[in-house]
Amino acid sequence: MWAELLPVGRSASSGGYRRFAWNSADAECRAWFEQQARSRGLTYELDRNGNQWAWLGDPTAHGAVVTGSHLDSVPDGGAFDGPLGVVSSFAALDELRARGAEFTQPLAIVNFGDEEGARFGVACIGSRLSAGVLSREDAYELRDADGLRLPDAMEKAGYDPTAIGADDERLARIGAFVELHVEQGRYLTEGQPVGVASAIWPHGRWRFDFHGEANHAGTTRIEDRRDPMLTFANTVLAARKKAKLAGALATFGKVAVEPNGTNAIASLVRGWLDSRAADEATLTELVAEIERAAAERGGRDGVRVELTRESYTPVVDFDGPLRDRLAKLLDAPVLPTGAGHDAGILASAIPTAMLFVRNPTGVSHSPAERAEEADCLSGVAALADVLEDLACH
């Protein structure tokens with residue numbers, strides 16, 4: 001399974017993956033998921049939001065145990081973030097069948113669409129829509145870098161966008177959701193290969209618009225310039241400093257410039273901030289401080305600054321009894337994470353938990369992201385133990 005997925009959407013130049021929602025690589029991944037489901041005799045289903053499901057047992061029964069993750073990527077992302085959870089889910093089912101496990105609850109494997117938000121700027125779109133966290137109306141307003149709306153992209157890929165929205169009936173049938181994921185840090189490097197998540201830090205994405213004045217780079221005096229690039233650059237530095245002081249995280253990882261000419265002073269710079277902290281009060285104050293720093297510098301540069309919050313996820317504490325049950329079953333350490341996941345979105349509606357597989361470098365969202373094969377197999381065995389405990393007794 002792993003070998004089949006490795007070439008899909010991989011850039012020959014960077015070695016990273018470009019599996020974005022509703023593009024051709026995404027279509028290949030979806031076809032792979034459907035083939036894996038059907039080859040195992042599972043009932044394949046596509047829900048109203050484009051999420052894929054593979055069912056063992058009655059899909060309409062209550063108390064289902066669900067596992068899975070996502071197959072899309074960030075720009076030039078790694079091979080493990082998302083796909084490891086999906087591949088491990090199918091492998092764990094194979095392991096349980098080899099054990100002769102007898103299921104007493106329906107089991108499903110899911111591939112949530114557009115988890116990374118690389119194309120439309122909002123993370124976990126598939127699970128957000130299902131949980132009612134993202135409304136149909138707001139989803140219809142989302143556009144990619146080319147101006148194409150989300151429903152138009154879905155329709156172009158052969159999916160019906162008219163039914164997207166909250167899927168309360170489906171979620172009500174799920175008794176527990178367990179997501180396996182490669183660790184995006186290094187808490188497990190010296191310990192066991194598998195850990196259990198305790199919580200997800202609150203996090204969000206904010207767009208800063210720096211409005212200046214376009215002009216000639218070779219004829220405009222320094223004192224006559226209204227250069228938004230200066231304000232943006234200072235805001236990036238301020239974000240790093242203030243995040244460090246707060247014990248939090250702030251990253252400008254995406255920027256767009258107009259008119260984007262080498263010999264032209266920019267008229268507009270857009271920078272997207274990703275920020276995360278251990279608690280919501282710290283995160284709120286951090287973003288406010290970054291905004292104040294941007295506005296203060298903008299005042300000196302003659303640049304107007306606008307801030308738009310594009311997405312926000314409050315702190316997620318995973319279901320306590322489920323978390324403790326899995327940690328005891330696996331004798332595994334419990335650790336927090338600063339990364340968002342579909343499990344975090346669903347936690348408000350159903351009991352959810354997460355397993356992490358050791359990442360020796362801690363690198364993620366990069367072609368250098370990896371996990372050792374032995375640790376991946378340990379993750380499969382752990383997930384199989386968890387599913388057996390939840391769905392076979």
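This report walks through the fold, the cores and a few individual residues of a predicted model.

**The chain as a whole**

Let's start with the overall build. The secondary structure adds up to 12 helices and 15 strands. For a chain of 393 residues, a compact globule would have a radius of gyration near 21 Å, and the 22 Å found here agrees with that. If you box the C-alpha atoms along the principal axes, you get roughly 80 × 45 × 40 Å.

How much of the chain is tucked away? Buried residues account for 52% of the 393. As for the contacts between residues at least 6 apart in sequence, 76% of them join residues at least 24 apart.

On the outside, the chain exposes about 16,800 Å², and 50% of that comes from carbon and sulfur atoms. The charge tally is 40 positive and 58 negative side chains, with the centres of the two sets 5 Å apart.

**Nonpolar cores**

The largest nonpolar core holds 52 residues, and the members that touch the most others are Trp32, Phe33, Phe90, Val178, Leu326 and Leu355. Helix α12, spanning residues 373-391, gives the most to this core, with nine residues. Apart from this core lies another one of 25 residues, with Trp53, Ile174, Ala343 and Met354 among them.

Phe33 is worth a look of its own. Leaving aside residues up to four places away in sequence, Phe33 touches Tyr44, Gln52, Trp53, Ala54, Leu71, Val86, Phe90, Ile109, Val110 and Asn111. That list includes Phe90, another of the well-connected members of the largest core, and also Trp53, which belongs to the 25-residue core.

**Residues brought together from afar in sequence**

Here are four C-alpha pairs to pull up in your viewer.

| Pair | Separation in sequence | C-alpha distance |
|---|---|---|
| Ala277 and Trp201 | 76 residues | 5.8 Å |
| Leu107 and Leu387 | 280 residues | 8.4 Å |
| Arg173 and His62 | 111 residues | 4.2 Å |
| Ser348 and Asp317 | 31 residues | 9.4 Å |

Take Leu107, which sits in strand β4. With a relative accessible area of 2%, Leu107 is buried, since anything under 20% counts as such. Beyond residues up to four places away in sequence, Leu107 touches Ala54, Trp55, Leu56, Val65, Leu93 and Leu387. So the Leu107–Leu387 pair in the table is also a contact, given that contact means heavy atoms within 4.5 Å.

Ala277 is in the loop between β11 (268-276) and α9 (280-301). Is Ala277 buried or exposed? Ala277 is buried, at a relative accessible area of 0%. Residues up to four places away in sequence aside, Ala277 touches Trp201, Pro202, Ala248, Thr282 and Leu283.

Arg173 occupies the loop between α7 (168-172) and β5 (174-182). Despite its charged side chain, Arg173 is buried, with a relative accessible area of 11%. Which residues does Arg173 touch, not counting those up to four places away in sequence? They are Pro59, Thr60, Ala61, His62, Gly63 and Ala64.

Ser348 belongs to the loop between α11 (342-346) and β15 (352-357). Its relative accessibility is 62%, and Ser348 therefore counts as exposed, the cut-off for that being over 50%.

**Backbone oddities**

Now for the backbone. Most residues other than glycine have a negative phi, and most peptide bonds are trans. A few spots here depart from that pattern.

One is the peptide bond from Glu258 to Pro259, which is cis, with omega near 0°. Pro259 is in the loop between β9 (249-258) and β10 (264-265).

Another is Asp114, a non-glycine residue with a positive phi of about 50°. Asp114 lies in the loop between β4 (107-112) and α4 (125-131), and at a relative accessible area of 6% this residue is buried.

Asp331 also has a positive phi, near 50°, without being a glycine. Its place is the loop between α10 (320-330) and β14 (334-337). Is Asp331 buried or exposed? With a relative accessible area of 58%, Asp331 is exposed, whereas Asp114 is buried.

Note on methods. Residues are numbered from 1 along each chain as its sequence is written. This is a predicted model: local features need pLDDT of at least 70, side-chain atom pairs count only at pLDDT 80 or more; totals for chains, interfaces and linings use all residues. Side-chain values use heavy atoms; hydrogens and water are left out. Helices (H or I, at least four residues) and strands (E, at least two) are DSSP runs, numbered from the N terminus. The radius of gyration is taken over C-alpha atoms; the globule rule is 2.2 Å times the number of residues to the power 0.38. Buried means under 20% relative accessible area, exposed over 50%, partly exposed in between (1.4 Å probe, protein chains only). Accessible areas come from the Shrake-Rupley method with a 1.4 Å probe; for residues, only the protein chains shown count as cover. The place of a charge is taken as NZ of Lys, CZ of Arg, CG of Asp or CD of Glu. A nonpolar core is a set of buried Ala, Val, Leu, Ile, Met, Phe, Trp, Tyr and Cys residues joined through side-chain atoms within 4.5 Å.
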